[in-house]
Amino acid sequence: MRSWLLAIALALAAAVATAGAHEKFKIVGKVAGLKKDEIAVKAIDGATYEIDMHEDTPVTDKQHKKISQAELKVGANVVVLALGHDMFDLEAYEIQLVER
């Protein structure tokens, strides 16, 4: 009985630990659209991904030096590093302008 309860407790602990886990994504492409809290990227695979971003999401140049979000423009080449459960639920944690 005791080992059975221990097995259930361990299974629940493992389920809780993985429930909040996110996959890392790297989207390479051109900015297709910008909103206050979202960037749309037309990726090199032809798909357009809408990625959530915040005011404090860092925008960087090639050397990962922080630059202003105002530098993001439609048509700019970017690499977006994001976390999410899948390609339809992404949140950017860094946006890199490739041209700078």
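Colleague: What makes D37, D52, D86, D89 and E91 a patch of negative charge on the surface?

Modeller: D37, D52, D86, D89 and E91 gather there, and all five are of the kinds that count as negative, Asp and Glu (Lys and Arg are positive; His and the chain ends are not counted). A patch is made of residues with over 30% relative accessible area and no salt bridge; like charges are joined within 9 Å, and nonpolar side chains (Val, Leu, Ile, Met, Phe, Trp, Tyr) within 5 Å. The charge is placed at CG of Asp or CD of Glu, and at NZ of Lys or CZ of Arg. E91 shows how this works: its relative accessible area is 39%, so E91 passes the limit of over 30%.

Colleague: What kind of model is this, and which residues count in its totals?

Modeller: This is a predicted model: local features need pLDDT of at least 70, side-chain atom pairs count only at pLDDT 80 or more, and totals for chains, interfaces and linings use all residues. Residues are numbered from 1 along each chain as its sequence is written, and side-chain values use heavy atoms, without hydrogens and water.

Colleague: Happy with that. Why is E91 called partly exposed?

Modeller: Buried means under 20% relative accessible area, exposed means over 50%, and partly exposed is in between (1.4 Å probe, protein chains only). At 39%, E91 falls in between, so it is partly exposed. E91 sits in strand 7, residues 90–97.

Colleague: How do you know how many helices and strands there are?

Modeller: They are DSSP runs, numbered from the N terminus: H or I with at least four residues for a helix, E with at least two for a strand. The protein has one helix and seven strands, in the order α-β-β-β-β-β-β-β from the N terminus on.

Colleague: Now the salt bridge. How do you know that E38 and K35 form one?

Modeller: The rule asks for a side-chain nitrogen of Lys or Arg within 4 Å of a carboxyl oxygen of Asp or Glu. The side chains of E38 and K35 come to 3.7 Å, N to O, so the pair qualifies. The count by this rule is one salt bridge.

Colleague: Why is E38 placed in one burial class and K35 in another?

Modeller: E38 has a relative accessible area of 16%, so it is buried, while K35 has 56% and is therefore exposed. E38 belongs to strand 2, and K35 to strand 1, residues 23–35.

Colleague: What makes G33, E50, I51, D52 and M53 contacts of E38?

Modeller: Contact means heavy atoms within 4.5 Å, and E38 has such contacts with G33, E50, I51, D52 and M53 once its neighbours within four places in sequence are left aside. D52, one of the patch residues, also has its C-alpha atom 9.4 Å from that of K35, 17 residues apart along the chain.

Colleague: What is unusual to note about the phi of H64?

Modeller: H64 has a positive phi, about 65 degrees, although it is not a glycine. H64 lies in the loop between strand 4 (59–60) and strand 5 (66–67). Its 49% relative accessible area makes it partly exposed. K65 is in the loop between strand 4 and strand 5 as well, but at 55% it counts as exposed.

Colleague: Which residues does K65 touch?

Modeller: Not counting residues up to four places away in sequence, K65 touches V59 and T60. Its C-alpha atom is 9.2 Å from that of Q96, 31 residues apart in sequence.

Colleague: And where is K73, and what does it contact?

Modeller: K73 lies in the loop between strand 5 and strand 6 (77–84). Beyond its neighbours within four places, K73 is in contact with V31 and L34; L34 is 39 residues apart in sequence and 7.6 Å away, C-alpha to C-alpha.

Colleague: Last one: how much area does the protein expose, and how is it computed?

Modeller: The protein exposes about 6,800 Å², and carbon and sulfur atoms supply 58% of it. The areas come from the Shrake-Rupley method with a 1.4 Å probe; for residues, only the protein chains shown count as cover. Buried residues make up 32% of the 100 residues.
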